[in-house]
Amino acid sequence: MRRPEPYDIFTAGDGLEAIEVLEATEIELVVTDLRMPRLDGFGLLAWLMEHRPLVQVLVMTAFGTPELEKRVQGSGAIGILEKPISRDQLREAIQARLKQLAFGRMTGIELTSVLQLLALENKTCVLNTPGGQLSLMDGKIVAARSGELTGTQAAVAVVTAGGNTFTLGNLPQMEPTMHLPVDHLLIEVARRMDEGVETELVITDEEILGEESLSAPVDSTRGHEGSINMGNVKQSLEKAGKIDGAIAVALVDYKSGMTMGTVGGGAGFNIEIAASANTDVVRSKSKAMAALGLKDKIEDILITLSTQYHLIRTLEKHPNLFLYLALNRDQANLALARMKLHDVEKELEV
């Protein structure tokens, strides 16, 4: 007797029954035919894209053509299984996809933070988000899909949609069509949001990347061109880096999760990861103040570790930005460090 499969299986007679199951149960993978009564496979795919974008899909059909494959993939499907399909072939396809899904699931972290971490680690993977799918190769975005959008437009739409629940797959499912640094994309989306630009407008690669961006190295002090004096930012961060006991310092946009510039750090302390992760600290504190009805503003936040101080200072004129300073407790004077960080804030030209 064959050992039972290590997963639960739910069945449905058509697309409408499948939706009832999907609404009542947490489903990771859907295997569907295209020709069904009442609601066919394309109707089910459309519903999944709108209501369950993280659910992965395998489509079965006896009429596989390049045009059909393009249409199915445009609807968010993982792939096509051509009929006739043996039970063993179907089992192998399902197990292979579930193994990919097991690569990782993350909850409670912002999309911008996830993307920055993947870029810093030079990951090659597929990231499934509520807004669509991003394929990364060596930490760069090489393909994107959001609904019927693909390319840079889809990448902008995915980041704009955000979310805090994601799954990671082992291998990109889409053909590479670009070579987009993550921070360039995040900067463009943040700029458009700051300026109230409709992110669904048609944009070109050059608008996001610039003329030399496909081969240009990423500068950790790049920011919102035209709104931040990056020379001044670098100079100010270098001054903060000279505070007694300073390990590293960063300027961070907590709403977008982007690190606008850094000084210090290294193998022992990755300032970009630390700064990105602490955007959640500022968000949580802001939410707590709102819940308590406090009509006040955050001046600074102190996190005390056994060997370090982590000091977060929001900018008075630009509360979406904060300075993040990590200090060695044995070498730092906390009161003096807070005063000097305040002085650095005054000199920032934002």
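This is a short dialogue on reading the folds and voids of a predicted model.

Me: What should I know about the model before I start?
Reply: It's a predicted model, where local features need pLDDT of at least 70, side-chain atom pairs count only at pLDDT 80 or more, and totals for chains, interfaces and linings use all residues. Residues are numbered from 1 along each chain as its sequence is written, and side-chain values use heavy atoms, with hydrogens and water left out.

Me: How many helices and strands does the chain have?
Reply: Helices (H or I, at least four residues) and strands (E, at least two) are DSSP runs, numbered from the N terminus. Here you get 12 helices and 15 strands.

Me: How do I read a sheet, and what is the strand order in the open one of 5 strands?
Reply: Strands of a sheet pair through backbone hydrogen bonds, either parallel or antiparallel. Two strands count as paired if DSSP finds at least two bridges between them. In this open sheet, the order is β12-β11-β15-β14-β13, and the pairing is antiparallel. β12 (258-264) and β13 (300-304) are the edges with a single partner strand each, so one side of each has no neighbour in the sheet. From one strand to the next, the twist averages 15°; axes are lines fitted to C-alpha atoms, for helices over the stretch in contact, and angles run from 0 to 180 degrees between N-to-C directions.

Me: How many bridges join β11 to β12?
Reply: β11 (residues 246-253) is joined to β12 by 6 bridges, and the two run antiparallel. Within that pair, valine 252 sits opposite threonine 259 in β12.

Me: Which helix lies across β13, β14 and β15?
Reply: That's α12 (residues 334-347), running at about 30° to β14 (308-314). Contact means heavy atoms within 4.5 Å.

Me: What is the volume of the largest pocket, and what lines it?
Reply: On a 1 Å grid over the protein atoms alone, a pocket is an open set of points with protein on both sides within 12 Å along at least five of seven lines, a cavity is a set where a 1.4 Å probe fits but cannot get out, and lining residues have an atom within 4 Å of a point. Points are joined across faces, edges and corners, and volume is the space filled by probe spheres set on them. The largest pocket holds about 860 Å³. It has 29 lining residues, with Ile9, Phe10, Leu29, Val30 and Val31 nearest its centre.

Me: Which residues line the largest cavity?
Reply: Ile243, Asp244, Asn333, Leu336, Ala337 and Lys340 do, around a volume of about 40 Å³.
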